[in-house]
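Subject: Structure handover and notes

Hello,

Here is the structure for you to look through. My notes follow below it.

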Amino acid sequence: MNLLIINGPNLNLLGTREPGIYGKEGMEQYLQTLRGRFPQVNIEYYQSNIEGEMINKMQEVGFTYDGIVLNAGGYTHTSVALRDCISAITTPVVEVHISNVHAREDFRHHSMLSAVCMGVICGFGLDSYRLAVEAIINK
């Protein structure tokens, strides 16, 4: 099984960016834990601050991989282009958020992506990624 985790803008700063919201653990450290928990799954990771690069990566794997775990960051609330990409590919996508976006600013309450994703997981810290991987494995 091949899965890709894609993180969007500013998520390269996990571990240092607003630790009260996003925690103190970086993504590279968490990936080791995640890969150890699912040794039977090839979990790749990609991060970009650029919307078009995220789309290119989803198109690259979106017809052959078993799943994509997507934390689009701020693009979640604005990107018709990411939504169109998710609609165009055949690989299921799970939308993930580290924080509970519904307990934050009003503009974070709406996702452009949710309706075209397999599901949405938010508010469980970095463990949201584990829950998304499990959802794809068990689909």
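Where is the place of Ser128? Ser128 sits in helix α5. Please keep in mind that this is a predicted model.

**Ser128 and helix α5**

Ser128 has 0% relative accessibility, so it counts as buried. Its side chain reaches the backbone nitrogen of Phe124 at 3.2 Å. Leaving out residues up to four places away in sequence, Ser128 touches Val96, His97, Ile98, Ile121, Cys122 and Gly123.

Ser128 has buried company in α5: Tyr129, Arg130, Ala132, Val133 and Ile136 are buried as well. Note that Arg130 is on that list. What covers the buried residues of α5 includes β1, α2, β3, β4 and β5 (119-122).

**His97**

One of the contacts of Ser128 deserves its own paragraph: His97. The UniProt entry, which is unreviewed, lists Tyr22 and His97 under "active site". That label comes from the record.

His97 is in strand β4 (residues 93-97). Is His97 buried or exposed? Its relative accessibility is 6%, and buried means under 20%, so His97 counts as buried. The side chain of His97 makes a polar contact with the side chain of Glu95, at 2.7 Å. Residues up to four places away aside, His97 touches Asn71, Thr76, Val120, Ile121, Cys122, Gly123 and Ser128.

**Ser111**

Glu95 turns up again here. Ser111 is in contact with Thr76 and Glu95, leaving aside its neighbours within four places in sequence. Thr76 is also among the residues that His97 touches.

Ser111 lies in the loop between β4 and β5. With 16% relative accessibility, Ser111 counts as buried. Which backbone nitrogen does the side chain of Ser111 reach at 3.0 Å? That of Ser114. The backbone nitrogen of Leu113 also lies 2.9 Å from a polar atom of the Ser111 side chain.

**The tyrosine pair**

The structure holds 1 aromatic pair. The partners are Tyr30 and Tyr129. Their ring centres are 6.4 Å apart and their planes meet at 50 degrees, so the pair is tilted. For reference, planes under 30 degrees apart count as stacked and those over 60 as edge-to-face.

Tyr30 belongs to helix α2 (residues 27-37) and Tyr129 to helix α5 (residues 127-137), so the pair ties together parts that are 99 residues apart in sequence. Both Tyr30 and Tyr129 are buried.

**The nonpolar cores**

Tyr129 has a second role to note. The largest nonpolar core has 21 residues, and Tyr129 is among those with the most contacts inside it. The others named for this are Ile5, Met27, Leu34, Ile43, Val69 and Leu126. Which elements give two or more residues to this core? They are β1, α2, β4 and α5.

Take Ile43 as an example of the packing. Ile43 touches Leu3, Ile5, Leu31, Leu34, Arg35 and Phe38, not counting residues up to four places away in sequence. Ile5 and Leu34 are themselves among the core residues with the most contacts.

There is also a second, separate core of 19 residues. Val61, Ile68, Leu82 and Ile89 are included in it.

**Helix α3**

Val61, from that second core, is also one of the buried residues of helix α3 (residues 51-61). The others in α3 are Met54, Ile55, Lys57 and Met58. Seen down the axis of α3, the buried residues fall within an arc of 160 degrees, so they line one face of the helix. The face turned away from them carries the exposed residues Asn56 and Glu60. What covers the buried residues of α3 includes β1 (2-7), β2 (42-47), β3 (67-71) and α4 (80-88).

Glu53 lies in α3 too. At 35% relative accessibility, Glu53 counts as partly exposed. Which residues does Glu53 touch, not counting those up to four places away in sequence? Tyr46 and Ser48. The C-alpha atoms of Glu53 and Gly8 are separated by 9.6 Å, and these two residues are 45 residues apart along the chain.

Best wishes

Technical notes: Residues numbered from 1 in each chain as written. Predicted model: local features only at pLDDT ≥ 70, side-chain atom pairs only at ≥ 80, totals over all residues. Heavy atoms only, no water. Phe/Tyr/Trp six-rings, centres within 6.5 Å; stacked < 30°, edge-to-face > 60°. Helix = DSSP H or I, 4+ residues; strand = E, 2+ residues; numbered from the N terminus. Buried < 20%, exposed > 50% of the residue type's maximum accessible area, 1.4 Å probe, protein only. Arc of directions from axis to C-beta. Contact = heavy atoms within 4.5 Å. UniProt positions renumbered as here; feature names shortened; annotations may be inferred. Polar contact = N/O pair within 3.5 Å; in protein donor to acceptor, adjacent residues only side chain to side chain. Core = buried A, V, L, I, M, F, W, Y, C linked by side-chain atoms within 4.5 Å.
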